[in-house]
Structure formats: structure tokens, C-alpha cells
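Here is a brief report on a protein model. It covers the sheet, the helices packed on it and a patch on the surface.

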Amino acid sequence: MDKIYAIIPSYDPDIAIMEAFIVELRRTFDNIIIVNDGSNSKYDAFFEAFKRDGIVVLNHKVNQGKGRAMKSAFNYLLDHHPDFEACVSADCDGQHAVKDIKNVGLLARKNPNNLILGVRDFDHGNVPAKSRFGNKMTRGVFKIFIGLDITDTQTGLRGFSKKMCEVFLGVIGERYEFESNMLIECKNMDITIQETTIDTIY
């Protein structure tokens with residue numbers, strides 16, 4: 001996976017889950033960026049261990065939100081690895097299978113003018129009713145008021161080419177609203193949103 005980076009925003013994570021996830025992720029990805037988004041100081045040694053293992057760890061002194069964490073990673077890549085081809089944002093809690101993260105990254109590299117979304121199957125039996133209802137509501141809002149028919153508006157698994165990173169760095173939003181604003185910007189800029197189905201893990 002040369003020149004494709006995995007971006008993992010993290011705030012006060014479950015240490016055991018994240019550690020197992022990163023171990024598995026490293027079997028596929030050579031390049032990983034963890035953003036410690038102002039986690040409690042008790043996590044300092046946890047993140048330092050990743051740095052000693054050669055993983056890039058970006059630190060926010062205080063919690064700034066997922067949007068800012070993603071922007072920090074985009075900015076780091078553009079500044080320090082300008083030859084990168086694509087990156088993938090994934091949650092740190094093991095909700096995304098590594099094979100799906102890889103697929104989203106490959107699709108982003110192959111389709112540099114698109115935003116790639118890894119979308120969950122909300123008809124799957126293990127999806128909590130609350131999550132199913134929430135997705136149905138936000139999907140309806142996006143379709144009616146914005147004109148976008150998106151299967152999974154809240155997915156944290158997203159793939160970006162270098163070009164898309166440059167575009168989305170300018171999108172407003174520092175916390176979770178950044179992910180929604182990103183979709184709206186696709187509508188405004190006529191950027192294709194490309195979906196690919198992923199495993200549904202809870």
C-alpha cells in the first residue's frame with residue numbers, strides 16, 4: 001500500500017481495542033497517521049509507543065474535534081509527503097475491517113476526482129435500532145433538502161485522493177459536522193460521491 005495512508009483520529013480510545021486494530025492494520029498499511037486529538041494525559045505512553053514503532057502520531061494539546069483531526073492529517077501529508085496518492089480515514093474502535101479500509105484506499109487512488117464512502121448495510125441484523133433510525137433520518141434530510149441520495153451519511157470510512165484532500169481542507173467544520181459539510185461541498189462543487197459496501201461491525 002505504498003503512497004496510500006491510513007488516518008486514524010483518536011480521542012480517549014479503548015486501549016485494548018485500538019491496539020489490536022493498529023496491529024492488524026499494520027499488516028496491510030505501511031503508512032499510518034494517528035491523530036491524538038487532545039486525549040487525557042494518561043494516554044501519553046500509549047501514543048508514544050506507536051511513535052517508537054515508527055507510526056506518525058500528530059498531537060493536539062486539547063480536543064479540537066474529528067474535523068480538525070482529519071484536517072491536521074491532510075495538512076501533514078501535503079506538507080511532508082507531497083507525493084502521496086490517497087489516504088483513508090477510519091475510526092479507531094475497530095468498526096472498520098482492514099480489507100474494507102484497503103479497498104476504499106485503492107478506490108480513492110483509482111478515482112482521484114471522487115470522494116469514496118465505505119457504506120454500511122443498515123438492514124443487517126446486528127445494526128442497533130437507534131443507528132438504523134438515525135441513518136434513515138439523516139439520509140432523508142440530505143435527499144430532500146440537499147439533493148443527495150447517500151446510503152450512509154455518517155460513515156467514518158472515507159477515501160481521499162491528494163486532490164480531494166486539498167479541496168476538503170477548505171471546508172468549514174471542526175467536529176463531526178465536518179463530515180456532513182464535506183458531502184454538501186461535493187454537491188456544490190459537482191464532485192462525485194462513490195459508494196462501496198463494507199462490513200457492518202458493532
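## Surface patch and sheet

I144 is part of helix α5, which spans residues 129-146. This is a predicted model. Is I144 buried or exposed? Its relative accessibility is 65%, and exposed means over 50%, so I144 counts as exposed. I144 joins V141 and F145 in a nonpolar surface patch. Together the three residues offer about 360 Å² of accessible area.

Now the sheet. Seven strands build an open sheet with mixed pairing. Their order is β3-β2-β1-β4-β6-β5-β7. Which strands stand at the edges? They are β3 (56-60) and β7 (192-197). Each has a single partner strand, so one side of each lacks a neighbour in the sheet. On average, neighbouring strands are turned by 20° against each other, direction ignored.

One pairing in detail: β4 (residues 86-89) runs antiparallel to β6 (residues 158-161), over four bridges. Within this pair, C87 of β4 stands opposite F160 in β6. Strands of a sheet pair through backbone hydrogen bonds, either parallel or antiparallel.

Two helices that pack on the sheet are listed below.

| Helix | Residues | Strands touched | Angle between directions |
|---|---|---|---|
| α1 | 15-26 | β1 (4-10), β2 (31-37) | about 175° with β1 |
| α4 | 98-110 | β1, β4, β5 (114-119), β6, β7 | about 145° with β4 |

Helix α4 touches both β4 and β6, the strands joined by the four bridges. Helix α4 also touches β7, which is an edge strand. Helix α1 touches β1 and β2.

Definitions and conventions: Residues are numbered from 1 along each chain as its sequence is written. This is a predicted model: local features need pLDDT of at least 70, side-chain atom pairs count only at pLDDT 80 or more; totals for chains, interfaces and linings use all residues. Side-chain values use heavy atoms; hydrogens and water are left out. Two strands pair if DSSP finds at least two bridges between them. Helices (H or I, at least four residues) and strands (E, at least two) are DSSP runs, numbered from the N terminus. Axes are lines fitted to C-alpha atoms, for helices over the stretch in contact, and angles run from 0 to 180 degrees between N-to-C directions. Contact means heavy atoms within 4.5 Å. Patches are made of residues with over 30% relative accessible area and no salt bridge: like charges are joined within 9 Å, nonpolar side chains (Val, Leu, Ile, Met, Phe, Trp, Tyr) within 5 Å. Accessible areas come from the Shrake-Rupley method with a 1.4 Å probe; for residues, only the protein chains shown count as cover. A salt bridge is a side-chain nitrogen of Lys or Arg within 4 Å of a carboxyl oxygen of Asp or Glu. Buried means under 20% relative accessible area, exposed over 50%, partly exposed in between (1.4 Å probe, protein chains only).
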